[in-house]
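Me: Could you walk me through this protein model, one question at a time? I would like to see the reasoning behind each answer.

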Amino acid sequence: MTTALGTGGAEMALFRVLNALRPHGVETVVVSIMAIQGDHFPTMGLDVRSLDMPRARLNRHALAKLRDIVRAFQPDLIQGWMYHSNVLAHLARRFMPAGHRPPLAIAIRGSLTLFAEEKRLTRWIIRLDAWLSRWAERVLYVSRLAHRQHNEFGYAAAQAMVIPNGFDCQKFTPDPTARARLRQELGLSDNARLIGLVASWQPLKNHRGLLAAVASLAERYPDVHVVCAGRGVSLANPAAAEAIPPSIRARVHLLGERGDIASINSALDIATNVSHAEAFPNVVGEAMACGTPMVVTDVGDSAWILDGCGEVVSPGDDAALAGALARLLDMPAEQRQALGARARQRIIDHFSLESVALSYLREWQALLAHRKG
């Protein structure tokens, strides 16, 4: 079960894991609490159902729909994926016949760094999820930070373990033609250097900080441009348009939501993730898998993922961010490329999609074996 199905990092991580497990005989039904955004999940082979709950607010119709789905599919195991869906996963198990109550695993996909800034309903759901976690057979965390924070918050500790995100290193791979292709699209010379940020437009992702840092470097690096892609990242969004410093307005390219993220990452000289808070950011692993060196803020597990294959700065420190960008820009191109190659190898060695998907499968199999025993 998941709270929503769209193009967000947590949703796409679920999609990738389940697709990677299909050759291993895993049959799934994905239940989304809210309406499904787009048609890429069903068309890519997943059986997806929606409870169509507006703003994830529980109602009688949604409960009846959940009950019918669960009783028809008769799952051997139930997996919650985010806070709201974790709570409903407990209800889903209660809808099963008394003699067939399958094991339940819940998943924590974010950090509690900005808990105080969450909506009141979300804070209440997180507290309820923590209380209910004692009845889940497994609590799976996407990052070490999330594990530590949620244990301190009151989530059940005995059932906890960390399984990080995994990355498809065949899809996210260096593309030697991407550099020229993106520059041609943007009307830039082949020598233009691109700094990129792939993230939806929201204060947490700190587009303003990146743009301010680049603006401070504008005179020193006249060939540097910024490329931003993500939901809401376009001139049609007044907040995004207003955030561009006038001194670099001609050098900022807002691409909106794109489906060719691997190609964009491959075209960049430097990728960034400058968020104020994260758990285990997909964008870091995706850019690294494409062989692109990075600058990241020290949030969540970002520094651990990067492991020296780029620069790490404190969140919210625009001056430090500018300095880190300058250090990578000052590197000879060959040295930057070698750094990117190291980054890709780290993802292959430690965060491949296949190895992560098999980690989920092993845990599910262990829960089923324990239940049968």
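Me: Thanks, I have it open now. Is asparagine 265 buried or exposed?
Reply: Happy to help, and please keep in mind that this is a predicted model. The cut-off for buried is under 20% relative accessible area. Asparagine 265 has a relative accessibility of 4%, so asparagine 265 counts as buried.

Me: Which residues does asparagine 265 touch, not counting residues up to four places away in sequence?
Reply: Asparagine 265 has its place in helix H10. With residues up to four places away in sequence not counted, the residues that asparagine 265 touches are Val198, Glu286, Ala287, Cys290 and Thr292.

Me: Glu286 and Ala287 make me curious about helix H11. How many of the residues of helix H11 are buried?
Reply: Let's go through the helix by name. Asn282, Val284, Gly285, Glu286, Ala287, Met288 and Ala289 are buried in H11. Helix H11 spans residues 282-289 and is largely enclosed by the rest of the structure, because the buried count is 7 of the 8 residues.

Me: Which residue with a positive phi follows H11?
Reply: Look just past the end of that helix. A phi near 80 degrees, which is positive, belongs to the residue that follows H11, glycine 291.

Me: And proline 293, where is it found, and how far is its C-alpha atom from that of glycine 340?
Reply: Proline 293 is found in the loop between H11 and strand E11 (294-297). With 4% relative accessibility, proline 293 counts as buried. Its contacts beyond four places in sequence include Asp269, Arg336 and Gly340. Proline 293 and glycine 340 are 47 residues apart along the chain, and their C-alpha atoms are separated by 4.5 Å.

Me: Which arginine forms a salt bridge with aspartate 269?
Reply: Some background first: side chains of opposite charge can pair when their charged atoms come close. For aspartate 269, the N to O distance in the salt bridge is 3.7 Å, and the partner is arginine 336.

Me: Why does that pair tie together parts that are apart in sequence, and how many residues apart are they?
Reply: Begin with the surroundings: aspartate 269 is buried at 8% relative accessible area, and arginine 336 counts as buried at 7% relative accessibility. The salt bridge joins aspartate 269 and arginine 336 at 3.7 Å, N to O. Aspartate 269 lies in the loop between helix H10 (261-267) and strand E10 (270-273), while arginine 336 lies in helix H14 (residues 333-350), so the parts tied together are apart in sequence by 67 residues.

Me: Which residue pairs with arginine 346 in a salt bridge?
Reply: The closest N and O atoms of this pair are 3.5 Å apart, and the partner of arginine 346 is aspartate 307. The two sit in distant parts of the chain, 39 residues apart, with arginine 346 in helix H14 and its partner in the loop between helix H12 (302-306) and strand E12 (310-313). Arginine 346 is buried, at a relative accessible area of 10%, whereas the partner is partly exposed at 46%, and that partner is aspartate 307.

Me: Which residues are joined into one network by salt bridges that share partners?
Reply: We have already met two of the members, aspartate 269 and arginine 336, as a salt-bridged pair. Salt bridges with shared partners make one network of Arg179, Arg183, Asp269 and Arg336.

Me: How far apart are the closest N and O atoms of aspartate 260 and arginine 258?
Reply: Aspartate 260 counts as partly exposed at 27% relative accessibility, and arginine 258 counts as partly exposed at 23%. The two form a salt bridge, and the distance between their closest N and O atoms is 2.9 Å.

Me: How many salt bridges does the count come to?
Reply: On the charge side, the protein chain has 41 positive and 35 negative side chains. The salt bridge count comes to 19.

Me: Finally, the protein chain itself: what is its radius of gyration?
Reply: The secondary structure of the protein chain comes to 15 helices and 12 strands. The globule rule gives 21 Å for 373 residues, and the chain is close to that value, so it is as compact as a globular protein of that length, with a radius of gyration of 21 Å.

How values were computed:
Residues numbered from 1 in each chain as written. Predicted model: local features only at pLDDT ≥ 70, side-chain atom pairs only at ≥ 80, totals over all residues. Heavy atoms only, no water. Salt bridge = Lys/Arg side-chain N within 4 Å of Asp/Glu carboxyl O. Buried < 20%, exposed > 50% of the residue type's maximum accessible area, 1.4 Å probe, protein only. Helix = DSSP H or I, 4+ residues; strand = E, 2+ residues; numbered from the N terminus. Rg over C-alpha atoms; globule rule 2.2 N^0.38 Å. Lys, Arg positive; Asp, Glu negative; His and termini not counted. Charge placed at Lys NZ, Arg CZ, Asp CG, Glu CD. Contact = heavy atoms within 4.5 Å.
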